[in-house]
Structures are given as C-alpha cells and as structure tokens.
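Visitor: I would like to understand how the words used for a structure follow from its values. Could you take me through some of them step by step?

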Amino acid sequence: MAQLREIKKRIVAVKTIQRITKTMQMIATAKFTAALARAKNSRPYTDTIRGLVAKVSAQAGDTSHPLLEKPARASGKELVLVIASDRGLCGAYNSNVLRTATKLLAEIRAGGSEVVLDASGRKALGFFKYQKQEISNRHAVGDRPQYEAVEKIGQDYIDRYVAGEFSSVKVVYMRFISAARQRPEVMQLLPLSLPKAPEGAEAAGANANFDFSPSAPELLDELLPRSVKVSLYQAFLDAVVSENVMRMVAMKAATDNARGLGRTLKRSFNRARQARITTELTEIVAGVEALK
C-alpha cells in the first residue's frame, strides 16, 4: 500500500513538472519568434553599413581612422565583453559562451596583456564571481535590447578606445545561425575589422574614380562609429534569439522526458496494484480453505 502511495505521488509530481515545462516551452517559443523578427529586421541594415564602410575605405586610398588601427599610446589592456543570460534552463547556452570566454581570457593573459572584463547577464556575473575575477562594468540590457541603451555602451567603448585606454575590444556572444544551429563566437569590435569585398567587385572598381561629398574622412567619421554600434547591437540581438531558441528546445526535451517518465510510472503503478490485488485474493482463498 505504501508503495502505491509513493508511486501515485511521483505521478502527480511528474505531471506538475510536465505542465510547467510545457508552459515554459510555449513562452520561450513566443519570445523566440519576436526576437527572431527583430534580429532579422536589423541584419540587412548592419550588413549594409559594414559593406558601405568597406567600400568607402577601399576607395579612399591612404585615408586612416582611429577606429581602424590601434591607438598610438594604447595601454596593454584588452577589454572583453561577455554576453550571457539572466536566467537558466536554456540548455548549454551559458556554458558554451562562458567556456569560450574563459579560453579567450586565458589566451590574452598568456600573451602578456591585462584583461578588463565587462559582463551582461546574471549568469556571467555569477560565474566570474565564483572564479574570483573582477568585473569592471555590468550591462543590464534585458530580453528586448534597445538600440539607445546599446548605443551608449558602444559610444563609451569608442571614447575609451580612442583615448588609448584599451588596445582592443572583443565581444563574446552566441551567434544565431539558424533554429538548429547556434555558435559561440568572439567578435573583435575595435579596432574595427572590415569585411572583404568580393573579388569581382574589386576588379570592377579597381580603375574607377570616386568623388566623395562630403569627403572620405568625413564619411568615415560618421560611418565607422555607427558600424561599431550596430555590430554590438546585432550581437545582443543574436544572443537573445539564441537564448530563447535553446530554452525552447530544452523545455521541449524536458516535457517529452516527463511524459515518458509518467508512462513508466503508470505502468509501475498498475503492476503494483495488480500484485496487491493478487496477494489479497490469495489471502482470502487461503483463509477460506483454513476455515473448512
């Protein structure tokens, strides 16, 4: 009897967990759909800005810019921003990002440079606190990154980089490739690395002369900071999309596991009940035989 009660309690608990994980899966699906739409809408603008910067820089000749090269009086410090999540239950999302970040920090320190660590997300804060690594700044962006908030972070990095406070700025985040594939990535934010133009485009424009209005340096002064900010904004968007899709997959797996465990417990309950009934019938028959 005690075994039946124990199995029944486990069945009730598993059903409760199944309802919770199913609800979390539905919420994650809704958030993923909204975040994916925002990331897809911003991607063409980000790619266009970077492509435009590459074209202007290529046609401007020897024109240089502080954001394209290391500061002349740069310190030996490198800034690393790690973008993780505020909540868990999203599979291997945080562990993959934090593992990539840990490897990058070890490589920077092995090269003789000092690391200034920034973090976004409570999971990153908790991890580095446990590792006893000092965090310079914490950036709270949330589930719906706003460009205005990310722009302030980007502008702060630009100002400090140009002033020579850092020799480079890198961002560790989860890049969203598709619903089935997400990859932890290290993006060099500063000095800005320009995408390479296609070979056909280079050949076509090799003998072309361009007149810039305003001048190429003025265009770069406007385009390069904007490219840094939108690249950082895109990284935050990709991180949110990846977090929600991985949570959706994790909660679906948890729901399926709970459903399977519920069926197993139900079979165990039926077997135990049948065994108890058989035992009771045997005892009744034995008692009747004893009375004869």
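Guide: Let us begin with a pair of helices in this predicted model: α2 passes α3 in a right-handed crossing, and the contact is made by N94, L98, A101, T102 and L105 of α2 together with K123, A124, F127 and F128 of α3.

Visitor: What makes up the contact of α2 with α3, by class of residue?

Guide: Sorted by class, this contact has 6 nonpolar, 2 polar and 1 charged residues.

Visitor: Why are α2 and α3 called oblique to each other?

Guide: The axes of α2, residues 93–110, and α3, residues 122–130, cross at roughly 50° and come within 11 Å. Angles under 35 degrees count as roughly parallel, and 65 to 115 as roughly perpendicular; the crossing angle of roughly 50° belongs to neither range, and α2 and α3 are therefore oblique to each other.

Visitor: Why does H139 count as buried?

Guide: Buried means under 20% relative accessible area, and H139 has 12% relative accessibility, so H139 counts as buried.

Visitor: Where does H139 lie, and which residues does H139 touch?

Guide: H139 lies in the loop between β3 (137–138) and α4 (147–162). Not counting residues up to four places away in sequence, H139 touches L81, D118, A119, S120, G121, I153 and Y157.

Visitor: How confident is the predictor, as given by the mean pLDDT of the chain?

Guide: The mean pLDDT of the chain is 87, and 91% of its residues reach 70 or more. Over residues 201–207, however, the pLDDT is below 50, and this stretch has 2 contacts in the model beyond near neighbours in sequence.

Technical notes:
Residues numbered from 1 in each chain as written. Predicted model: local features only at pLDDT ≥ 70, side-chain atom pairs only at ≥ 80, totals over all residues. Heavy atoms only, no water. Helix = DSSP H or I, 4+ residues; strand = E, 2+ residues; numbered from the N terminus. Buried < 20%, exposed > 50% of the residue type's maximum accessible area, 1.4 Å probe, protein only. Contact = heavy atoms within 4.5 Å. Axes fitted to C-alpha atoms, helices over the stretch in contact; angles between N-to-C directions. Parallel < 35°, antiparallel > 145°, perpendicular 65-115°, else oblique. Left-handed = near helix turned anticlockwise from the far one by under 90°. Nonpolar A, V, L, I, M, F, W, Y, C, P; charged D, E, K, R; others polar. pLDDT = per-residue confidence, 0-100.
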